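I opened the model today to look up a few things about its packing, its strands and its cysteines. The entries below follow the order in which I checked them.

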Amino acid sequence: MKIRLSDYNPDWIRLYQQEAEFLTTIFTDEIVRFEHFGSTSVPGLKAKPVIDMMCIVKDIGKIDSYNDKMTLLGYDAGGEWGIPGRRLFRKGGEARTHHLHCYQADNPQIERHLVFRDYLRAHPEESARYSQFKQELADRFEDTSQYGPAKKAFVSTMEQQALSWFAEKK
């Protein structure tokens, strides 16, 4: 898929909120809470204009029963998609608009994602550095199959800094 990198758009918050409200009518009692995470959740950060949403649920095993309904609503059901205990739904086909990541409330991936988001929000200089790196990669690569792996080491290092920052705050 071709890389679509955009400047931060404050409208992403509204788009997240609208979709979370809508999805609440689908998953109803399974939901513990929704979180907006990923690059579209960090003010000032360049991002692929795809809203990353986290749906924290009571029982991840029950989420597969929603696959057909989600397909009818324009989402592709991706299953775990490489992360044990996650269920991924992607909306919009080649022009994706939303990624819905479902995790059971006790999944350790939740903290990793949210700490990284909060770290970037609290450290605008790190967010700017990450934004610049993403732009450099987008200038070098046309396709997400190259872009994603190229940013992996950078993100992993920054995630470790975020986790250390979070541990110091406790």
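**Hairpin**

I started with S3 and S4, which form a hairpin with six residues between them. In the turn, Trp-81 has a positive phi of about 50°. I note here that this is a predicted model. I then looked up the pairing: strand S3 (residues 75-79) and strand S4 (residues 86-91) run in the antiparallel sense, over four bridges. For Gly-79 I looked up the bridge partner in S4 and found Leu-88.

**Cores**

Next I looked at the largest nonpolar core, which has 21 residues. Which of them touch the most other members? They are Leu-23, Phe-27, Phe-34, Met-70 and Leu-100. I then asked which elements each supply at least two residues of this core, and found helix H1 (11-27), strand S1 (31-37), strand S2 (51-57) and strand S5 (98-104). H1 gives the most, with six residues.

I took Leu-100 as the residue to follow and left aside its neighbours within four places in sequence. Its contacts include Leu-23, Phe-27, Phe-34 and Met-70, each listed above among the core members that touch the most others. Leu-100 is also in contact with Met-53, Cys-55, Tyr-75, Arg-87, Leu-88 and Phe-89. Of these, Leu-88 is the residue I had already noted as the bridge partner of Gly-79.

I also found a second, separate core of 18 residues. Val-42, Val-115, Phe-154 and Met-158 are among its members. As background, nonpolar side chains in soluble globular proteins tend to be buried together.

**Cysteines**

I searched the whole structure for disulfides and found zero. Why is Cys-55 not bonded to Cys-102? The sulfur of Cys-102 is the closest cysteine sulfur to that of Cys-55, but at 4.5 Å it is too far for a bond, because a disulfide needs the two sulfur atoms within 2.5 Å. From the other side, Cys-102 is in no disulfide, and its nearest cysteine sulfur is that of Cys-55. I checked burial for both: Cys-55 is buried, with a relative accessible area of 0%, and Cys-102 is buried, with a relative accessible area of 0%.

**Gly-44**

Last, I looked up Gly-44, in the loop between S1 and S2. Is Gly-44 buried or exposed? It counts as exposed because its relative accessibility is 52%, and the cut-off for exposed is over 50%. Leaving aside neighbours within four places in sequence, I found Gly-44 in contact with Tyr-8 and Ser-131. I also noted Pro-124, 80 residues from Gly-44 along the chain; their C-alpha atoms are separated by 8.2 Å.

Terms used:
Residues numbered from 1 in each chain as written. Predicted model: local features only at pLDDT ≥ 70, side-chain atom pairs only at ≥ 80, totals over all residues. Heavy atoms only, no water. Core = buried A, V, L, I, M, F, W, Y, C linked by side-chain atoms within 4.5 Å. Buried < 20%, exposed > 50% of the residue type's maximum accessible area, 1.4 Å probe, protein only. Contact = heavy atoms within 4.5 Å. Pairing = 2+ DSSP bridges.
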